[in-house]
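Visitor: I'm new to this one, so could you show it to me and walk me through it?

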Amino acid sequence: MDGVPGVTQCPISSGKSFTYTFQANQVGTSWWHSHYSAQYSGGALGPMIIYGPSHVPIDQDVGPMLLTDWYHRPYLDVVEQVMQPVPIVGGQPNVPAIIPLSDNNLINGKNNFDCSLITDGTSCSPNAGVPNFRFSAGKRMRIRIINAGSEGTQKFSIDGHELSVIANDFTQIIPYTTKIVTLAVSIK
C-alpha cells in the first residue's frame, strides 16, 4: 500500500495507528514514509528490512543507514516556500528562488551543526554527535543505505574504501565495485 491519503486510502487520524499486514515476496531494503503533505521531511519515516537469503556472501549486516537532509524550519514552512509562485526576474522564471536548500545532512538522524548559523531563533543542538558503526577488518559488511531525503540526490562513500553494490530497490544485481554510491531520493 503506497499512495496519497484520501485517494488510495483514508488518512490516519492524529494520535491513531495503522497496521499494514502483507505477504512479502521479495527480500531486501526499503523504507516507510508518510505521504501526507511533506511529513516525511519532518521525520515521519523509517527503514523496512525484509530478511532472506543473500546472493553474495555477507559476514555481518550492519543494518540500515538512512541518509536524510534536514531543515531547521518546520516542514510546513518549507512546503509553503515551495508552493509560492515562481518569481519572474528579467522576464525569466527564477525557479532557484523558491527551492529551499536543506541546512544539514543526517545519517540515521544524527550529525553536528554550527548553531551560530541559526539567526531566526530556531532551536539548535550543537555537537549533536554522529552515528557510530563498527566494522571488522577483513569482513564483508552489509550496509543498507537508504536516501530518505526530500531535497535530492545523496552521494555516499567511506574514505579509503571501495564499496560493492549488491542490490537496488529489492532487486539483487550483479555486484559491482565503486568508490561512491549515488542515490536518488527513495533509492535503497
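**Sheets, cores and a disulfide**

Guide: Let's start with an open sheet of three strands, in the order 6-3-7 and with mixed pairing; strands here are DSSP runs (E, at least two residues), numbered from the N terminus, and two of them pair if DSSP finds at least two bridges between them. This is a predicted model, where local features need pLDDT of at least 70, side-chain atom pairs count only at pLDDT 80 or more, and totals for chains, interfaces and linings use all residues. Residues are numbered from 1 along each chain as its sequence is written, and side-chain values use heavy atoms, with hydrogens and water left out.

Visitor: Which are the edge strands of that sheet?

Guide: An edge strand pairs on one side only. That description fits strand 6 (104-107) and strand 7 (141-147).

Visitor: In what sense do strand 3 and strand 6 pair, and what stands opposite Trp70?

Guide: Strand 3 and strand 6 share four bridges, in the antiparallel sense. Opposite Trp70, in strand 6, stands Asn104.

Visitor: Which residues make up the largest nonpolar core?

Guide: A nonpolar core is a set of buried Ala, Val, Leu, Ile, Met, Phe, Trp, Tyr and Cys residues joined through side-chain atoms within 4.5 Å. Buried means under 20% relative accessible area, exposed over 50%, and partly exposed in between (1.4 Å probe, protein chains only). The largest such core has eight residues: Met65, Leu67, Ile145, Phe156, Leu163, Val165, Val181 and Leu183.

Visitor: Which strands each supply at least two residues of this core?

Guide: One of them is strand 3 (60-70). The others are strand 9 (163-168) and strand 11 (181-183).

Visitor: What is the bridge partner of Leu163 in strand 10?

Guide: Strand 9 and strand 10 (residues 171-178) pair in the antiparallel sense over five bridges. Their hairpin has two residues between the strands, and Asp169 takes a positive phi near 50° there. In strand 10, Leu163 has as its bridge partner Thr178.

Visitor: Which cysteines does a disulfide join, and why is it left-handed or right-handed?

Guide: A disulfide is a pair of cysteine sulfur atoms within 2.5 Å, and here Cys115 is joined to Cys124, S to S 2.0 Å. The torsion about their S-S bond is about -75°, so this disulfide is left-handed.

Visitor: Is Cys115 buried or exposed, and what about Cys124?

Guide: Cys115 has 19% relative accessibility, so this residue counts as buried. Cys124, at 24%, counts as partly exposed.
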